[in-house]
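User: Hi! Could you take a close look at one part of this model for me, and then link it to other places along the chain?

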Amino acid sequence: MARLLLIAFDPADARGGARLAEALGIPFDILQLTGDPVTDAGAERVCLAGLAEAPPADGLAKALVPVCAEYSHVAMVSSMRCKDVLPRLAVHLDAPMVTDVIAVESPTVYKRPVVAGAAIEVVETLGEPVLLTFRPAAFGTAATSGASLVEAVSLNVESLARRVSVASHGKGGRPDPTQAKVVVSGGRPLKDAATFESVIGGLADALGGAVGATRAAVDSGIAPNEAQVGQTGKNVAPNLYVAAGVSGSTQHLAGMKDSKLIVAINTDPDAPIFEVADLGLVEDLFTAIPKIRQALGK
Ligand SMILES: Cc1cc2nc3c(=O)[nH]c(=O)nc-3n(C[C@H](O)[C@H](O)[C@H](O)COP(=O)(O)OP(=O)(O)OC[C@H]3O[C@@H](n4cnc5c(N)ncnc54)[C@H](O)[C@@H]3O)c2cc1C
């Protein structure tokens with residue numbers, strides 16, 4: 001019988017998958033690796049692994065093999081860590097895999113963007129189970145419903161790698177850009193990490209949003225890696241995307257052009273970001289952002 005297993009690292013991942021199951025038209029269960037169980041996302045069962053933290057991808061992928069046995073579809077959100085695990089699982093299961101799914105035509109036919117979003121590819125899978133990474137923003141958030149059955153599941157994770165430490169110079173406590181309703185992004189003109197944090201982080205906090213960044217800002221050490229938006233970063237589609245000091249390269253646009261309202265602040269009136277912006281402000285961001293915060297009273 002067709003059935004989807006949504007593998008979720010945490011509660012945010014778990015909430016992202018309900019609309020995918022709806023689009024597939026099949027019942028689904030959640031395998032949640034960490035955090036409190038999400039029981040109101042419409043899943044029949046939430047299998048709780050109860051891990052303190054996400055294990056390294058090699059051991060996790062192997063441990064997931066027996067759990068997938070009864071499913072026709074196995075999915076994870078399109079995040080970096082999921083993209084680390086699912087291809088390994090596909091190899092272990094000798095199963096077809098489609099990445100970055102944005103639409104479902106049938107349980108075997110999927111749409112996904114290619115060439116930095118310039119074209120949409122239609123892919124048909126010819127085997128089972130089908131493994132998918134999907135962009136939650138393309139499917140939307142489902143209304144909360146029902147109370148799933150919660151079961152404990154034990155994963156036998158044996159890894160050849162060991163996480164020694166995790167270091168991030170991003171400030172904790174903010175939502176992940178892929179899940180946030182508001183994303184404030186900054187680019188190369190932010191100069192250094194402290195300026196980025198106070199200007200971009202400050203506006204993000206004032207709006208209750210997440211922080212995003214261009215690759216130029218990340219590569220220069222101005223912004224944390226996990227903030228990178230674009231072709232080689234995260235794909236976001238929040239209700240509000242503020243791009244400050246962001247030129248609007250095709251690679252950056254690939255990760256944010258589906259945002260509902262795009263606000264661009266740039267000193268160059270010919271910057272490509274204005275071609276996708278709904279609201280544009282030709283102004284120095286160091287003048288504009290304090291004024292916006294003042295208007296917000298924050
Ligand atoms: C294979 C590949 C993959 C890539 N993947 C990504 C990706 O995932 N994400 C990504 O972002 N990039 C990616 N890039 C890099 C991309 O091509 C651009 O180099 C990068 O997006 C530019 O970043 P930026 O807009 O911060 O910098 P810049 O191009 O330097 O632009 C800075 C902008 O800020 C404006 N500005 C300057 N000062 C101010 C000020 N005081 N106030 C307001 N505006 C100001 C300027 O007018 C300019 O438009 C990739 C490139 C390659 C080759």
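Analyst: Happy to help; what follows starts with one sheet and then moves to other parts of the chain.

A word on the basis comes before the details. This is a predicted model, in which local features need pLDDT of at least 70 and side-chain atom pairs count only at pLDDT 80 or more, while totals for chains, interfaces and linings use all residues. Residues are numbered from 1 along each chain as its sequence is written.

The part I would pick is the open sheet built from three strands in the order S6-S7-S8, with antiparallel pairing. Helices (H or I, at least four residues) and strands (E, at least two) are DSSP runs, numbered from the N terminus, and two strands pair if DSSP finds at least two bridges between them. At the edges of the sheet are strand S6 (103-106) and strand S8 (119-124), each of which pairs on one side only. On average, neighbouring strands here are turned by 30° against each other, direction ignored. Such angles run from 0 to 180 degrees between N-to-C directions, using axes that are lines fitted to C-alpha atoms, for helices over the stretch in contact.

Strand S7 (residues 109-114) is joined to S6 by three bridges, and the two run antiparallel. In that pairing, Ala-103 stands opposite Lys-111 of S7. On its S8 side, Lys-111 has Val-122 as its bridge partner. S7 and S8 pair over six bridges, again in the antiparallel sense. These two strands form a hairpin with four residues between them, and Val-115 in the turn has a positive phi of about 50°.

How many of the six residues of S8 are buried? The number is zero, so S8 lies largely in the open. Here a residue counts as buried if 20 or more other C-beta atoms lie within 10 Å of its own, exposed if 12 or fewer, and partly exposed in between, with C-beta atoms placed from the backbone.

Following the chain onward from S8, Pro-129 is found in the loop between S8 and strand S9 (130-134). A cis peptide bond joins Glu-128 to Pro-129, with omega at about -5°.

Going the other way brings us to strand S5 (97-101) and the loop between H4 and S5, where Asp-94 is found. Asp-94 has a positive phi of about 50° although it is not a glycine. This aspartate counts as exposed because Asp-94 has 7 C-beta neighbours inside 10 Å. A second aspartate, Asp-100, is found in S5 itself. Asp-100 is also a residue other than glycine with a positive phi, near 60°. Its 19 C-beta neighbours inside 10 Å are why Asp-100 counts as partly exposed.

Next come two helices, helix H3 (residues 57-64) and helix H4 (residues 80-93), which pack at an angle of about 45° with their axes 8 Å apart. H3 and H4 are therefore oblique to each other; angles under 35 degrees count as roughly parallel, over 145 as roughly antiparallel, 65 to 115 as roughly perpendicular and the rest as oblique. The residues making the contact include Leu-60 and Leu-64 of H3 and Val-85 and Leu-89 of H4. Contact means that the C-beta atoms of two residues, placed from the backbone, lie within 7 Å.

Farther along the chain, a five-stranded open sheet has the order S12-S11-S13-S14-S15, with parallel pairing. Strand S12 (210-213) and strand S15 (279-281) are its edges, each with a single partner strand, so one side of each is left without a neighbour in the sheet. For this sheet, neighbouring strands are turned by 20° against each other on average, direction ignored. Strand S14 (residues 261-265) pairs with S15 in the parallel sense over three bridges, and Ala-264 stands opposite Gly-280 in S15. Helix H6 (residues 193-206) lies across S11, S12 and S13, and runs at about 160° to S11.

One last stop is Ala-237, placed in the loop between helix H7 (215-219) and strand S13 (240-244). With 19 C-beta neighbours inside 10 Å, Ala-237 counts as partly exposed. Ala-237 touches Ala-137, Asp-258 and Ser-259, not counting residues up to four places away in sequence. The C-alpha atoms of Ala-237 and Pro-136 are separated by 9.0 Å, although the two are 101 residues apart along the chain.
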